[in-house]
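Open the model in your viewer and keep the sequence panel beside it. The tour goes stop by stop, with a selection to make at each.

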Amino acid sequence: MKKGLLLWLFVAMSVLQTFAQTRTITGKVTDTKDGSPLPGVSVIVKGTSKGTVTSADGSYKIEAASSDALIFSFIGYVNQEKAVGSAANISVALGTDNKQLNEVVVTALGVSKEKKSLGYSVQKIGADELINSNEHNVIQALASKAAGVQVIGSGGTPGASTKIIIRGNATFNLDNQPLIVIDGVPIDNSTNSTSARNYPYNSNLQGVNNSNRALDINPDDIASVTVLKGPAAAALYGANAASGAIIYTTKRGRAGATRVTYSFNAGWDKVNKLPEEQKIYSQGAPGTTPVYQPGATPYSWGPAVSSISGARIYDNTKEFFKTATNFTHDVSVTGGNENTSFRLSLNRVDQNGIIPTTDLQRTTVRINADSKISERLTMAVSASYVLTEGTKAQNGSNITGVMLPLMRAPISWNLADYKNEDGSSKNYFAGYDNPYWSLYNNPYRDKTDRFYGNLNTTFKILDWLSLTNRTGVDMYTQFSKQIFAIGSNAVSDYLGQIEENTLTSRDIYSDLILSGHKTFADKLDVTANLGGNVFQQQSQNDYAKGTQLSIPNYYNLNNASTLYADNSTSIKRTSALYYDLEFGYKNQFFLTTTGRNEWSSTFGQSKNNFFYPSVSGSWVFSEVIPANNVITYGKVRAAIAAGGKSPSVYSTNTVYTSPSFADGFTDGNSFPFKGQNGMSLSNTLGNKGLKPERSVEKEFGLDFKLFSRVNVELTYYNKTSSDILVYRPIAGSSGFQYILDNAGKMQNKGIEVLASADVLKVKDFTWNVQVNFARNKNTVLALAEGVTENSVESAFASIGSYAIVGQPYGALYGSKWVRNDAGQLVIGANGLPSIAAASGNLGNPFPDWTGGARTTFTYKNFSLSALLDVRHGGKIWNGTYARMNNLGRTKESGDRERKYIIEGVVLGADGKYTPNTTEVTAQQYFRTYKGDGPGAAVENSVEDGSWVRLRELNLGYKYNFAKSSPIKSVELTLSGRNLWLHTKYKGVDPETSLTGAGSNLTGFDYFNNPGTKTYAVGVRVGF
């Protein structure tokens, strides 16, 4: 990896030193009406993806050559094109246009296009929106900023993963997340876990919140983000495009004098929500008479603490979580001349978690260099080296974790007194590790060395024809180590354990594109791209485990009496030919067609290549409307396209596996067993006829602008995913149980609304409002013959997540209460309901609709912005709260000095139902009816996960110094994240995920780590 870094740095330096000179162009963009500066104006070097946006005072800097031209575009304003020539300063005044709306966006393959020419929906997000989010993860930073994009965080611990879904789920078992692309090259966004291959359960249900690898991207290096929402926008990516794509464009160098920018941000994190606890009753097992039983039981059904001599109340949760800090330093240097420019940046993140001992450190070095070698040849190089490391806390269904023993702890026990004289765990119940003791003695640490970058070379064959080669590499090594000390409950014999995992990944990507642009008779514009692509993904995973440690506190595999190891390797190769052909007539009618034929090593041998086409068009109808002040711009658009998902590597093969047996409670038995190895054929038969999953989407939209200040985009889409891979049962006489087959079908359809308005705009003051809304309806249409349900992943015995025909994907299915035909609870003679014989649908974990609203005020150099985030619907299994009710730990279970009557009906001897009047004790009510105790159904623990939150609040001030000053500008910010949350959900912040981004499970909360809110201050200085 170090050799690769040195090679790329050598290339970058060669570009800077050898190639011909370029220069920096500066200027200011204003409004022709009143001369006020226009922030956010897009400035693009014509015919390239190189660009920038104007700052709050309307100023910009960009690298360009004398032969280049600059395109200035802004929503609702006339597009302007200026030849660079010998000018060093190009300032323009833009006027509103009643006919056109010329915004430039980066699309698939890194190609910049005018937004009005697109027949499909895309959304652009600026760099400031990422930075002001106070998120270190560029995926989490997108929350509530784009219509149809759902962002799901997994917890408030440093480095915890974030999942992103666009326009619903498109597959049952493969990854439902979009492709992540940086400067035209896809990168790895995997979420990798540490787990032995012979572990018989879903490792995502416990362990730590692992990181998704987009965490390695530095937000300060990003210039803009484009969200390609469907196959029409992302069809050129072929078998990776069914779930859309997120296109990140990085900041480039600027010609002119060398500029240095330094920024510092300090943040303080606190827990933003926890389940409410009772603060009255002590430790004690359930029974008719409360008995104080310190250190003997996990229950809190004992007597009131105030009635026990010498006992006191401990607020364990308040004392456990701390105010965490995070500090970010970023310095960038830009410079260049007429033909060459560069940007070099260094970024450092140091974050501590709200959970003691947890942390994250990330160091990023990045260089971008651009050079015009000659009038026909240009080159650009980008390279990033990232070192990410941290300490994570155990999570979920985990007796050595944090939340499970913490939220179950009786208030009469002091958790902070966490160890005995011999150093062993001291806890209220011997079956759990004390969370303090576990954090200090059972650490999980990981470290990732990563290098990614690309080299882009363009040769202008003719004035209208060019050839581009873009080659990129993304490689990293992730090492993780989990320690369980001697005495920990994590190991059944209490003799300790060491787990080490090393994952090495390398992706190589290369495009060769022939591009041409011609205008005929000043009316017909034709743009064509014809290209080919090769792509290889290679990984190796080495895992080792040692148990029965001999020497305490010596965590080396040599100290283990029993050793286990496994490894896996995978290689996937694809190649493709594609085209992108666009016609524009009179700057009013636009038609685009694309196609990609792809070959993949994961496709079946009977058909190893598939074609993915798209057709889209738009009509700017405002071009034919007489000039007016009401409808100042209007466009209709439509698109149809196909995208796909490749089968996982080696899915076509019948493979050997190590047999294992488990009882649901212990880790079970597997080979190697007592020194004897054993392998057997998998119970799944390989399928040589596998095809990629295929998604076909139809999209229709209307964009318009009213009164030159209100922008609206309306979109309707209907996406059908077919040939979805399903494990289909086959006759046992074949020697197998299943075969993986292309048999499933699923539909997503919905609407998206984007709106923005300049509510008020005077000389020194503006008020802008932006709103997004999305509603998606997902339905499973078909499974394999003989299959009535498809488990998304293994979950819990009482509740799971399934794909069932006629229901939304991922529907929560679990035990329910018996009800009569009128839907009323049927109560037994004991005053309690009974569990129904069959499990049932408990709700859709995905929201009915989502929305976001941002309001921004600017006055001279001051700005104030607030982002409101709304989620309506989406069920969550609150297993945490159900267990706390069972144990007598919730606030509501503190109301126990009375009897309860459960609302329902009783079936009489005459066959008629009458209202229930039978009383039950508080223990029966909270343990069985409201909890997960004996005879309980999981139905009552599924809650509504809706919320309204203040996602972001930012106050900023920027001061610009005189041109003669060495300090060019100083910007100060005060900001907050998740400062206010309104929800009826009784657990932690409902933006939570037990299994994280590496899983398709959604809506599970079983002692998940809590979310956070952040207060931050920042300063940015330009030299």
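Select helix H8 to begin. Ala922, Gln923, Tyr925, Phe926, Arg927, Thr928 and Tyr929 of H8 are buried, where buried means under 20% relative accessible area, exposed over 50% and partly exposed in between (1.4 Å probe, protein chains only). H8 spans residues 922-929, and seven of its eight residues are buried. Helices (H or I, at least four residues) and strands (E, at least two) are DSSP runs, numbered from the N terminus. Now add the cover: helix H7 (879-887), strand S46 (900-901) and strand S49 (919-920) are among the elements over the buried residues of H8.

A note on the ground rules. This is a predicted model in which residues are numbered from 1 along each chain as its sequence is written. Local features need pLDDT of at least 70, side-chain atom pairs count only at pLDDT 80 or more, and totals for chains, interfaces and linings use all residues, while side-chain values use heavy atoms, with hydrogens and water left out.

**Colour by confidence**

Colour the chain by pLDDT, the predictor's confidence in each residue, from 0 to 100. The protein averages 91, and 96% of the residues score at least 70. Where is confidence lowest, and where is it highest? Helix H1 (residues 2-18) has the lowest mean, 43, and H7 the highest, at 98. Select residues 1-21 next. Their pLDDT stays under 50, and the model has 50 contacts for them beyond four places in sequence. Contact means heavy atoms within 4.5 Å. Where pLDDT is low, the predicted coordinates should not be read in detail.

**Zoom out**

Show the whole protein as a cartoon. Its secondary structure comes to eight helices and 54 strands. The radius of gyration, taken over C-alpha atoms, is 30 Å. The globule rule (2.2 Å times the number of residues to the power 0.38) gives 31 Å for 1023 residues, so the protein is as compact as a globular protein of that length. Along the principal axes, the C-alpha atoms fill a box of roughly 90 × 70 × 65 Å.

Switch to a surface. The protein exposes about 40500 Å², with 56% of that supplied by carbon and sulfur atoms; accessible areas come from the Shrake-Rupley method with a 1.4 Å probe, and for residues only the protein chains shown count as cover. Of the 1023 residues, 56% are buried. Among contacts with a separation of 6 or more, 70% are between residues 24 or more positions apart.

**Into the core**

Select Phe172 and Ile799. In the largest nonpolar core, of 53 residues, these two touch the most other members. Such a core is a set of buried Ala, Val, Leu, Ile, Met, Phe, Trp, Tyr and Cys residues joined through side-chain atoms within 4.5 Å. Helix H5 (403-407), helix H6 (435-441), strand S36 (710-729) and strand S40 (799-803) each give two or more residues to this core. H5 gives the most, with four.

Stay on isoleucine 799. Beyond four places in sequence, Ile799 touches Leu812, Tyr813, Gly814, Leu842, Trp877, Val938, Val942 and Phe1004. Apart from this core lies another, of 25 residues, including Leu118, Leu236, Phe535 and Ala641.

**A buried asparagine**

Go to asparagine 212, in the loop between strand S14 (185-187) and strand S15 (222-228). Is Asn212 buried or exposed? Its relative accessible area is 0%, so Asn212 is buried. Turn on side chains: a polar contact of 3.1 Å joins asparagine 212 to asparagine 189. A polar contact is a pair of N or O atoms within 3.5 Å; within protein, one must be able to donate a hydrogen and the other to accept it, and residues adjacent in sequence count only if both atoms are side-chain atoms. Other residues touching Asn212 include Asn137, Ile139, Ser161, Thr162 and Ala997.

**Start of S24**

Select glutamine 497 in strand S24 (residues 497-520). Gln497 counts as buried, at 12% relative accessibility. Its side chain makes a polar contact with that of glutamate 499 (3.4 Å). Gln482, Phe484, Lys545 and Leu549 are among its contacts beyond four places in sequence.

**Two positive phi angles**

Step to tyrosine 494, in the loop between strand S23 (465-484) and S24. Tyr494 has a positive phi, near 60°, and is not a glycine. At 43% relative accessibility, Tyr494 is partly exposed.

Finish at phenylalanine 1007, in the loop between strand S53 (1004-1005) and strand S54 (1012-1022). Phe1007 also has a positive phi, about 60°. Phe1007 is buried, at 0% relative accessibility.
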